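Q: Please take a close look at the charged side chains in this model and how they pair up. I would like a careful account of the setting of each one discussed, followed by whatever else in the surroundings deserves a note.

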Amino acid sequence: MRKILAFLLAACLLVSAAPALALNNDDAALADNWYEIFVYSFADGNGDRIGDFIGLKEKLPYLQSLHVDGIWLMPIHPSPSYHKYDVTDYCAIDPQYGTLADFQAFLAAAHEAGIKVILDLVVNHTSSEHPWFQAARASADSPYRAYYNFSDTPKTGYNALPDGTYFESRFVSTMPDLNLDNPQVRAEIEEIMRFWLEMGVDGFRLDAVTSYYTGNKEKNISFLRWLNGAAKAIRPDCFIVGECWDSLYTIHDYYASGVDSFFAFPVAQGSGYISKVLGNDVEKKGESLGNVINLLQRELGEYVMTPFLGNHDTPRIINSLGASSPTNAKMACGLLSILNGSIFVYYGDEIGMAGTGNDPNKRLGMFWDKKMNITLCPPGTTVADYPFPSVQEQEGNPLSILNYYRAALALRHQFPQIARGMPTVLESPDASLCLIEKDWQGDRILIAVNLSIDDLSFPLPGGYTQLAGELEIWGEAEVNGSEALVPSYGIAIFQ
């Protein structure tokens, strides 16, 4: 409780300090609806019960129906692990997922459907089975020795080789850290980016950017500045988003690198702003949401922020909110959808998929129709629970979590002010009602969020006369003259 009260107090102190910052036109073009996919668990196209690019291509119409603008693919390269964050060949496709031709066919189909594709770029480390490291460990005279960080004495974060030397491997011994100061390593990274960008890939998600130079933020930012410049020199319109798993203030500092965006981790997970606002310990939920809007605007308003609810490393949002609560699942999506910037949805969240505990539990197979058709559980899975119905069943239910997600992402397309507009939190007659005005290029909308179990009425501010859109859970919004009514846990948009 004390942590929650401290969060609210800190947010309150920042309300009046939010400066008038807005996106420029170039950055505004990057505000999209994104969808993260673990290919292994998404859709099987060849009958081996492991996801692949044939299956993913077949599901593109589904992603179109979800109003997705772009896909982030977790690592797709050859790797000894199921998750593939330890790469052995950066310019190839893991055979589990198909061939390079399969990937190119998927990429072409995605672009034809109006969907961008970015790849996970893991350059903090390679696999210990990568040919570079195999050559480096075989001989101290190998030129590839300089591709990694070796030492003759033990150090923190280093592991030993049989020859008595030590190599840096901050995560695990099977993931040796690259020497990112080596010009030859940078040249390799540049060629990897060139290979995929010239093929038509639309950008990269950068893994573990705070680990490039462990404990050295300035060197991390400097390296990101180089990487971003190298990528934009190849393809100026590519989108780069980084994983900076840190505080909002540290994330703000990393934007100095010039990288387009960084994931807003403080918004996400069970400890994040959205879960806190929806939690039982917060009484003035509307007021607290307004504080969050002001805080995000104050710290990241001039940048493309990237809020999300969870990803492959975090417990599923449904576990954080209560796996028996479709209302909270919908409301979390609703609050995410009204935030500025590019939002990312983790595959399966739109149908209320669960997953907590070890990492494989968070990366279960997508539930398309029958459980017998779900892809094989990732190795190491201990619990495979599906608290809500399949995509097929939710398709036919207009009140399903899936159809709420569809409506939420559609509103972001219908009203560009949501993702791009300058937010102003207005005075509200009720602490459970948050009123947010967003202005984009002189076109304003009013977003009213009712976080109460009761329907709430309020006088419409001057200039707003009609209901333009809404996300429904327990009823429909109304306009009666100069008064508006927003139902319990409803989100309404007025013009």
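A: In this predicted model, the side chains of Asp 359 and Lys 362 are joined by a salt bridge, with an N to O distance of 3.3 Å. Asp 359 also has a second partner, since Arg 363 forms a salt bridge with this aspartate in which the closest N and O atoms are 3.5 Å apart. The surroundings of the three residues can be set side by side: Asp 359 is partly exposed, with a relative accessible area of 31%, whereas Lys 362 has 7% and Arg 363 has 3%. Because buried means under 20% relative accessible area, Lys 362 counts as buried, and Arg 363 is buried as well. In this group, then, a partly exposed acid forms salt bridges with a buried lysine and with a buried arginine.

A further pair shows the reverse arrangement of burial. Arg 170 and Glu 168 meet through their side chains in a salt bridge of 2.8 Å, taken from N to O. Here Arg 170 is the partly exposed member, at 35% relative accessibility, while Glu 168 is buried, with a relative accessible area of 10%. These examples belong to a total of 22 salt bridges in the structure.

Some of the charged residues are joined into a network rather than described as a pair: Asp 120, Arg 205, Asp 207 and Glu 243 are linked by salt bridges. Arg 205 is part of strand 7, which covers residues 203-206, and this arginine is buried, with a relative accessible area of 0%. The side chain of Arg 205 makes a polar contact of 2.9 Å with the side chain of Asp 207, which is itself a member of the network. Leaving aside residues up to four places away in sequence, Arg 205 touches Asp 120 and Glu 243 among others, and both of these acids are likewise members of the network. The contacts of Arg 205 also include Trp 72, Tyr 85, Phe 263 and His 312, as well as Ile 118, Leu 119, Leu 121 and Val 241. The guanidinium-bearing residue is thus one whose contact list holds acidic, aromatic and aliphatic side chains, at a position with 0% relative accessible area.

The cysteines deserve a separate note. The count of disulfides comes to 0. Cys 244 is in no disulfide, because the nearest cysteine sulfur, that of Cys 238, is 19 Å away, and a disulfide would need a pair of sulfur atoms within 2.5 Å. Cys 244 is buried, with a relative accessible area of 0%, and Cys 434 also counts as buried, at 1% relative accessibility.

Backbone geometry adds two further sites. In general, most residues other than glycine have a negative phi. Lys 84, although not a glycine, has a positive phi of about 70 degrees; this lysine sits in the loop between strand 2 (70-73) and helix 6 (100-112), and is buried, with a relative accessible area of 1%. Gln 441 is also not a glycine and has a positive phi of about 55 degrees, and its place is the loop between strand 13 (433-440) and strand 14 (443-450). In contrast to the buried Lys 84, Gln 441 is exposed, with a relative accessible area of 60%.

As for empty space inside the model, the structure holds 3 cavities of 30 Å³ or more, and the largest cavity has a volume of about 40 Å³. Its lining is made up of Ile 293, Leu 296, Gln 297, Met 305, Leu 339, Asn 340 and Pro 423. Helix 12 (residues 285-300) gives the largest share of that lining, with 3 residues.

Finally, Thr 174 lies in the loop between strand 6 (166-168) and helix 8 (183-199), and is partly exposed, with a relative accessible area of 38%. Beyond residues up to four places away in sequence, Thr 174 touches Asp 86, Thr 126, Ser 127 and Ser 128. The C-alpha atom of Thr 174 is separated by 46 Å from that of Met 422, a residue 248 residues apart from the threonine along the chain.

Note on methods: Residues are numbered from 1 along each chain as its sequence is written. This is a predicted model: local features need pLDDT of at least 70, side-chain atom pairs count only at pLDDT 80 or more; totals for chains, interfaces and linings use all residues. Side-chain values use heavy atoms; hydrogens and water are left out. Buried means under 20% relative accessible area, exposed over 50%, partly exposed in between (1.4 Å probe, protein chains only). Helices (H or I, at least four residues) and strands (E, at least two) are DSSP runs, numbered from the N terminus. A polar contact is a pair of N or O atoms within 3.5 Å; within protein, one must be able to donate a hydrogen and the other to accept it, and residues adjacent in sequence count only if both atoms are side-chain atoms. Contact means heavy atoms within 4.5 Å. A salt bridge is a side-chain nitrogen of Lys or Arg within 4 Å of a carboxyl oxygen of Asp or Glu. On a 1 Å grid over the protein atoms alone, a cavity is a set of points where a 1.4 Å probe fits but cannot get out, and a pocket is an open set with protein on both sides within 12 Å along at least five of seven lines; lining residues have an atom within 4 Å of a point. Grid points are joined across faces, edges and corners, and a volume is the space filled by probe spheres set on the points.
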